[in-house]
Amino acid sequence: QRTLVIDCDTSEANLTQTLGAQRLPGIRQITDNPADVARYVVATDHQGINFIPLGTGGDRDRWIDSRMLGSVIESMRQAYDVIIIHGPAVMSAAESLLLAAQADEMLLSVFVGLSRSDQLASSERSANQSGVSIGGSILHSGKRTTRLQLIMDRPSRAVSEIAEDATEAELCNQLAEIQNDLGQIRSAPNASPEDIRRNQEAST
């Protein structure tokens, strides 16, 4: 499965740091044009798994725009089978549920020897009250180990496919315009280019 992991944990950013991506631009830089998200995708040594780091700049008090995140998810749905949002803990950051609301469902991380039953129950209540669907939980040993490595100089396959799709769509639009021009010429063979352009503007 093609999988995209996005680090949105502004409280810790442990995932970005663990992968050595703290100096790379990422989700923080995607503000005005979520359609450009593909440029921030980093390939990994696991085929089919790509990563968007938290990004540079900003302070820990600046939240990730949840509406922007929703736009990012929608723009990447066709390129990936699974999109994982790594967000802050529900008990420590109010933004966590805003981010989770953009996903289809939320998974709770349960840490051995650290997570308490009352915390998990409180997190579940908060999610239910916010209308966020909980799909289950992930049991974590607490050890910060990762076998995933980033490959900076290799474009991700999914991103390449996005670029190819965009180029194909642009070519199709250009071909449609040419066919329209030919149709105008056939219907009025003696018309000047200016007349054809005026007719096209009037039809739109």
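**Chatting through a predicted fold**

Reader: Is Trp-63 buried, exposed or partly exposed?
Author: Trp-63 is partly exposed, with a relative accessible area of 44%. Buried means under 20% relative accessible area, exposed over 50%, and partly exposed in between, with a 1.4 Å probe and protein chains only.

Reader: OK, and what should I know about the model before we go on?
Author: This is a predicted model, where local features need pLDDT of at least 70 and side-chain atom pairs count only at pLDDT 80 or more, while totals for chains, interfaces and linings use all residues. Residues are numbered from 1 along each chain as its sequence is written, and side-chain values use heavy atoms, with hydrogens and water left out.

Reader: Back to Trp-63, where is it? And what is it in contact with?
Author: Trp-63 is found in the loop between strand 3 and helix 2. Helices (H or I, at least four residues) and strands (E, at least two) are DSSP runs, numbered from the N terminus. Leaving aside neighbours within four places in sequence, Trp-63 is in contact (heavy atoms within 4.5 Å) with Ala-94, Glu-95 and Leu-98. Trp-63 and Ser-96 are 33 residues apart along the chain, and their C-alpha atoms are separated by 9.5 Å.

Reader: Glu-95 caught my eye. Which side chain makes a polar contact with the side chain of Glu-95?
Author: That's Thr-10, at 2.3 Å. A polar contact is a pair of N or O atoms within 3.5 Å; within protein, one must be able to donate a hydrogen and the other to accept it, and residues adjacent in sequence count only if both atoms are side-chain atoms. Thr-10 is found in the loop between strand 1 (3–7) and helix 1 (14–18).

Reader: Thr-10 buried or exposed?
Author: Thr-10 counts as buried because its relative accessible area is 4%.

Reader: Now helix 2. Which of its residues are buried?
Author: In helix 2 (residues 66–76), the buried ones are Ser-66, Met-68, Leu-69, Gly-70, Val-72, Ile-73 and Met-76. Ser-66 has 16% relative accessibility. Setting aside neighbours within four places in sequence, Ser-66 is in contact with Leu-98, Leu-99 and Gln-102.

Reader: What goes on at the start of helix 2?
Author: There, a side-chain oxygen of Asp-65 comes to within 3.0 Å of the backbone nitrogen of Arg-67.

Reader: And which strands does helix 2 lie across?
Author: Strand 1 and strand 4, with helix 2 running at about 160° to strand 4. Axes here are lines fitted to C-alpha atoms, for helices over the stretch in contact, and angles run from 0 to 180 degrees between N-to-C directions.

Reader: Sheet time. What's the strand order in the open sheet of five strands?
Author: The order is 4-1-3-2-7, with mixed pairing. Strand 4 (82–86) and strand 7 (150–151) stand at the edges, each with a single partner strand, so one side of each has no neighbour in the sheet. Two strands pair if DSSP finds at least two bridges between them.

Reader: How many bridges join strand 1 to strand 3?
Author: Four, and strand 1 and strand 3 (residues 49–52) run parallel. The bridge partner of Val-5 in strand 3 is Phe-51.

Reader: Switching to Thr-44. Where does it lie? And what does its side chain reach?
Author: Thr-44 lies in strand 2 (residues 42–44). Thr-44 is buried, at 0% relative accessible area. The side chain of Thr-44 reaches the backbone oxygen of His-46 at 3.1 Å, and a polar atom of that Thr-44 side chain lies 2.6 Å from the backbone oxygen of Ile-49. Thr-44 and Met-152 are 108 residues apart in sequence but 8.1 Å apart in space, C-alpha to C-alpha.

Reader: What about strand 5, which side chains are buried?
Author: In strand 5 (residues 106–111) the side chains alternate: Met-106, Leu-108 and Val-110 point to one face and are buried, while Leu-107, Ser-109 and Phe-111 point to the other and are not. Strand 5 pairs with strand 6 (residues 134–140) in the parallel sense over six bridges. Leu-108 has Ser-137 as its bridge partner in strand 6, and Ser-109 stands opposite Ile-138.

Reader: Which helix joins strand 5 and strand 6 in a β-α-β unit?
Author: Helix 4 (residues 117–129), and the unit is right-handed. That term applies if, with the strands pointing away from the viewer, the path from the first strand over the helix to the second runs clockwise.

Reader: Last one: how many helices and strands overall?
Author: The protein chain has six helices and seven strands. Of its 204 residues, 30% count as buried.
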